[in-house]
Amino acid sequence: MIFSEFEYFVFFIFVFLSVWYIFPAVFSEQRKEQRILHIFLLIASYYFYMSWDYRFGALILLSTFIDFFVGSRLSNTTDQKKRILWLNVSLISNLVFILGFFKYYNFVATTANSVGELTASGPFLPILNIILPAGISFFTFQSLSYTIDVYRNEIPAERDFIKFALFVSFFPQLVAGPIVTARTFVPQLYEVKKFESIEFRIAIRFFMLGYFKKAILSDHIAPTLNVIYADPTGLHTYALWIGSVLGGVQVYLDFSGYSDMAIGSALMLGYKLPTNFNLPFLATTVSGFWRRWHITLNSWLRDYIYFPMGGSRVSSARRKLNLWFTMFVSGVWHGANWTYVFWGSLNGLFYVIEEFYHDMFPKQKSDENDKPSIVQKIGNGITWIFQNFFSNLAFFLGAVFFRSANFSNATLHIKGMFVWQEGLLRPYMWKHFLWVFFLVVFGHIAGYFIFERGKGREISPFLEIATYPVIVLILAVLTPENATPFIYFQF
């Protein structure tokens, strides 16, 4: 089930009523109520995950058992060699036997066999019929963060298996994030949740906004994008540029929409998930864009890849290599396809180019007491426009590789964007492009003034609640008949 389907609404209403009405009425002892509540949420989370394929439950349970056991072993010894050994057990189990096999085996086998055919040595490895479990990259990274943090002595090992299992499998963020760490989520499991302290208005805002992004905007432009990316050779250069921009916008709408609905769902149950997107198209640098996009993944890569490699505490050349490699890992994490490998490498290259630019033209510090003149304000505005244009252009070019089914299609798409070609230019492409693009731009401008400039005004609770039936009706009317699967489910 996905968040925008009726089946999920029925499921969530049942969970919501159980958490806030049934369990408090049945159990008078608070401690016992909390224990039963966690067990119930764990069962509900496994049911949610196994609704795609019942076999997926065994895989996430295996990962949970391994890392819970490794965490206890790490906490019971101070011998550094043994601690490294147990950490490697977690790393190898998750990255090689679970994530590596299910997500990357066929990719590696196909690549090896292609090399074998070129060298006339024949195929090396069999191609297996492997079903990719939904969200496998999310829960493996999430579980890994726990064992790494325990190894670093940053958090204590969790002794309650139910709480740890719920941390790994909590259904709102299970299959597509946001990625949460044990240090931020497990402490919430020890808090007593009170109905009156839940910020329901904020939760409903998140869910409705996410639904609008996903079901109304992303799903409406998906058919157009499927036409564009199916065969770029027969399309006009204009259509290919539309596909590049619209493809990047759809990934944003789809993924940030899911994240918003996940945050809203969790908040209605009393749990806070981290922000995953922060108006990324307002960024003026490549690095600034990725600090606003998929924030939890980039934070994970920073804490567990970039910093251990030395981060910025190394030479300038090594720092650039660290940045490139971190983005390369991001590309590999996203999918077992050369398009994702190249996508990550390309974004890493953009990072490095930006670093060279900053080395050549270091930013001048201005005196905070000096008020800029009109000319300086105009110059700053023009500079912002150019910087914003190039940071978004870098993203949209990369989006072609992210959205394309294979590397060949992606290169043909890029070629058609920069080498003029005549071809099909369907009128509805412009229609979809303009109104969706306008709404995304408007949303970012409104978000800037409300969240970054603090210009928003609090809405009357009565007025806001009174509009809910109207909003729900509008969303129901605008929702297309066929829902499109979330793009990030495949990761």
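## Pocket, core and a helix

User: Hey, what's the volume of the largest pocket?

Analyst: About 1500 Å³. This is a predicted model, where local features need pLDDT of at least 70, side-chain atom pairs count only at pLDDT 80 or more, and totals for chains, interfaces and linings use all residues. Residues are numbered from 1 along each chain as its sequence is written, and side-chain values use heavy atoms, without hydrogens or water. A pocket here is an open set of points on a 1 Å grid over the protein atoms alone, where a 1.4 Å probe fits, with protein on both sides within 12 Å along at least five of seven lines. Its volume is the space filled by probe spheres set on the points, which are joined across faces, edges and corners.

User: Which residues are closest to its centre?

Analyst: Of the 37 lining residues (an atom within 4 Å of a point), Arg205, Leu209, Gly443, Ile450 and Phe451 are the closest.

User: New topic: what is Tyr8 in contact with?

Analyst: Leaving aside neighbours within four places in sequence, Tyr8 is in contact (heavy atoms within 4.5 Å) with Met1, Ile2, Phe3, Phe48, Phe171, Phe207 and Ser265.

User: And α12, how many residues does that helix have?

Analyst: Helix α12 (a DSSP run of H or I, at least four residues, numbered from the N terminus) has 19, residues 316–334. From first C-alpha to last, α12 reaches 28 Å, close to the expected 27 Å (1.5 Å times one less than its number of residues).

User: Which of its residues are buried?

Analyst: Among them are Leu323, Met327 and Trp333; buried means under 20% relative accessible area with a 1.4 Å probe, protein chains only. The buried residues of α12 pack against helices including α4, α5 and α14.

Methods. Helix = DSSP H or I, 4+ residues; strand = E, 2+ residues; numbered from the N terminus. Buried < 20%, exposed > 50% of the residue type's maximum accessible area, 1.4 Å probe, protein only.
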